[in-house]
Amino acid sequence: MAEESQSEGGLVPAFRRQKRETKMHHHKAIEIKNLYFSYPDGTRALNKINLSIENGESVALLGPNGAGKSTLLLHLNAILQGQGEIRIFNLPIVSENIREIRRRVGVVFQDPDDQLFCPTVFDDVAFGPINMGLSREEVNKRVKKALGEVGMKGFEEKAAYHLSFGQKKRVATATVLSMEPDILVLDEPSSNLDPKGRRELLSILVSIPVTKIVVTHDLLFAMELCDRAIIMDDGKIVADGSIDDILADEDVLDAHGLEAPAGIEEIKQRAKERSKVHRLRSTEA
Amino acid sequence: MKHSYLDSFSNLDSFIHHLDARAKIIMFFSLVILAVSTPAHDYYAFAVYFGILFFLLLMSRLPLGHVFKRSLVVVPFVLMVAVFIPFFKANTGTGGYNIGGINMSKSGLLVFWNVVVKSYIGVISMIILSSSTSFKDLMRGFERLKVPPIFTAIASFMYRYLFVVADEAMRMKIARDSRNFSGKWIWDTRVIAHMIGSLFMRSYERGERVYLAMVSRGYDGTMRGFDDTQLSRKDLLFASGIILAILLIRLSVLINLKLVN
């Protein structure tokens with residue numbers, strides 16, 4: 001089911017380019033115009049942010065600590081409100097729309113213990129749908145589906161303190177997926193995960209066909225999940241392009257406190273060879 | 001770190017476990033209130049109360065060792081409050097005892113007995129209640145009995161995050177021990193004060209983050225849930241049966257008094 005998509009000289013891991021059914025939206029998923037934000041104590045966190053993200057895109061948000069990435073995330077579901085215009089699927093952020101916006105934009109925070117605050121896993125994953133006013137049968141269906149999507153079926157009656165960190169991360173993701181968002185925003189999804197947990201989370205996220213925005217320091221993770229990369233520094237967007245281009249540009253990475261991960265050349269080479277082999281096989285078949 | 005939880009044995013299979021939480025709450029609280037209101041010298045009444053409690057304990061199939069260990073929590077309070085009373089309460093003319101040269105007044109001993117027996121009945125009742133009901137069902141039971149949701153919400157969050165904070169405290173202790181050369185830092189109250197302050201700050205900030213997570217998932221001020229348990233005839237009959245039995249004992253005391261006088 002993987003389509004082949006050619007980009008000039010760039011690596012194209014076949015599974016990353018799988019395009020699945022996404023809901024037809026005529027508007028851009030996220031449109032931000034001239035966003036400014038300062039914290040109450042005066043620190044200027046966002047400085048003239050202009051950004052637009054199409055439906056179905058997978059965007060990595062990179063940058064040094066303190067760049068304003070998490071602050072920007074909190075604007076996407078109207079938790080923080082700065083000066084400027086933000087539209088989510090053409091809905092402006094005003095109080096009548098906030099409920100709908102929070103359903104459409106699901107934010108998975110960094111620490112799963114902050115998101116698992118109910119007695120059992122079922123309650124946590126059901127929290128969103130229940131607040132949406134859904135019926136009991138629908139809530140049960142959504143919980144089952146969300147837990148299935150993250151590979152945690154059967155854990156409904158467990159309490160959060162019984163889970164390992166990787167399991168907690170997956171359940172935290174499920175608590176957001178049960179609301180069936182159109183945009184999934186993730187704050188450092190792979191941090192503190194062991195390699196197995198990281199791999200599991202990556203395969204889960206790759207298989208969910210929604211618009212994704214991922215704040216991360218894990219550049220290899222970003223490369224495997226995202227098509228596009230945006231670098232923020234000091235409250236501004238300083239680079240915006242395809243992830244291959246951005247990660248190949250050592251100067252821009254260096255200027256903003258980032259580094260291409262060690263071994264990236266080898267990985268790109270291997271990916272190129274993999275897609276070459278795939279192309280050969282499909283022509284033979 | 002292994003934590004022992006309030007509702008450790010709440011997943012056992014017994015008659016008491018399957019009763020509706022509301023029925024159990026009303027039953028055990030009535031038991032405690034009636035026991036506390038009984039005059040201290042009605043030893044027979046207390047014997048019956050303990051008998052009923054033991055009956056409930058056996059029906060609940062809870063491990064007796066666990067219940068006994070938990071009940072020891074009352075010991076420090078008794079020690080602080082009551083243990084010295086027999087030795088200091090002034091002799092009011094009802095006589096006393098003299099063991100090995102130490103005077104104990106009878107009325108003082110009665111006060112001591114009063115404190116011990118009533119606190120013990122209270123503790124055992126609450127242990128059976130909390131060990132036979134999952135914490136979630138217990139809180140839901142209180143809510144359905146019209147306890148203001150703010151109390152149950154605070155209790156639920158405290159229960160959820162208490163062990164998170166305990167783990168943070170353990171990590172702080174390990175970090176501190178790694179940097180300590182001179183031995184017993186526990187006597188350094190400054191260190192403990194800093195730890196407590198730091199834990200408070202972290203908990204406060206975590207509270208802010210949890211609130212953000214709740215708001216992101218549509219929280220608007222009301223904690224919602226589904227009510228799946230109904231009060232069945234079995235619940236009502238059993239609970240009222242127990243309450244009636246205790247009420248009769250309690251009232252029989254009054255009746256006895258009236259007959260005597």
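Me: What percentage of the 261 residues of chain B count as buried?
Reply: Happy to start there, keeping in mind that this is a predicted model. Chain B is built from 11 helices and 2 strands. Of its 261 residues, the share that counts as buried is 22%.

Me: Where along the pattern of chain B do the strands come?
Reply: Chain B has 2 strands beside its 11 helices. Reading along the sequence, the pattern is α-α-α-α-α-α-β-β-α-α-α-α-α. The place of the strands is therefore easy to read off: in α-β-β-α, the stretch within that pattern, they are the β-β.

Me: Is Val75(B) buried, exposed or partly exposed?
Reply: Val75(B) sits in helix α5 of chain B, which covers residues 75-81. A residue needs 20 or more C-beta neighbours within 10 Å to be buried, and 12 or fewer to be exposed. Because Val75(B) has 14 C-beta neighbours inside 10 Å, it counts as partly exposed.

Me: How far apart in space are Val75(B) and Val165(B), C-alpha to C-alpha?
Reply: In sequence, Val75(B) and Val165(B) are 90 residues apart. In space, their C-alpha to C-alpha distance is 26 Å.

Me: Which helix of chain B gives the most to the side that touches chain A?
Reply: On this side, 21 residues of chain B are in contact with 23 residues of chain A. Helices α8 (135-144), α9 (149-178) and α10 (189-216) of chain B each supply at least two of the chain B residues. With 8 residues, the one that gives the most is α10(B).

Me: How many residues on the side of chain B that touches chain A are nonpolar?
Reply: The chain B side of this contact has 21 residues. Among them are 3 polar and 7 charged residues. The nonpolar ones number 11.

Me: How many residues of domain 2 of chain B are in contact with domain 1 of chain B?
Reply: Domain 1 of chain B takes in 15-144 + 230-260, and domain 2 takes in 149-216. Domain 1 brings 4 residues to the contact, divided into 3 nonpolar, no polar and 1 charged. From domain 2, the number in contact with them is 5.

Me: Which strands are at the edges of the open sheet β2-β1-β4-β5 in chain A?
Reply: In this antiparallel sheet of 4 strands, β1(A) pairs with β2(A) over 6 bridges and with β4(A) over 5 bridges. On the other side, β4(A) pairs with β5(A) over 2 bridges. An edge strand pairs on one side only, and that describes β2 and β5 of chain A.

Me: Which residue in the turn between β4(A) and β5(A) has a positive phi?
Reply: These two strands form a hairpin with 2 residues between them. Ile88(A) stands opposite Leu91(A) in β5(A). In the turn, the residue with a positive phi, of about 50 degrees, is Phe89(A).

Me: Which residue in β9(A) is the bridge partner of Leu62(A)?
Reply: Chain A also has an open, mixed sheet of 6 strands in the order β6-β7-β8-β3-β9-β10. Within this sheet, β3 (residues 58-62) and β9 (residues 228-233) run parallel and are joined by 4 bridges. The bridge partner of Leu62(A) is Ile231(A).

Me: At what angle does helix α6 of chain A run to β6(A)?
Reply: Helix α1 (residues 69-76) of chain A lies across five strands, β3, β6, β7, β8 and β9, at about 150 degrees to β7(A). Helix α6 (residues 165-177) of chain A lies across β6 and β7. To β6(A), its angle is about 165 degrees.

How values were computed
Residues are numbered from 1 along each chain as its sequence is written. Chains are lettered from A and ligands numbered from 1 in the order in which they are written. This is a predicted model: local features need pLDDT of at least 70, side-chain atom pairs count only at pLDDT 80 or more; totals for chains, interfaces and linings use all residues. Two residues are in contact if their C-beta atoms, placed from the backbone, lie within 7 Å. Ala, Val, Leu, Ile, Met, Phe, Trp, Tyr, Cys and Pro count as nonpolar, Asp, Glu, Lys and Arg as charged, and the others, Gly among them, as polar. Two strands pair if DSSP finds at least two bridges between them. Domain bounds come from an automatic or database domain assignment. Axes are lines fitted to C-alpha atoms, for helices over the stretch in contact, and angles run from 0 to 180 degrees between N-to-C directions.
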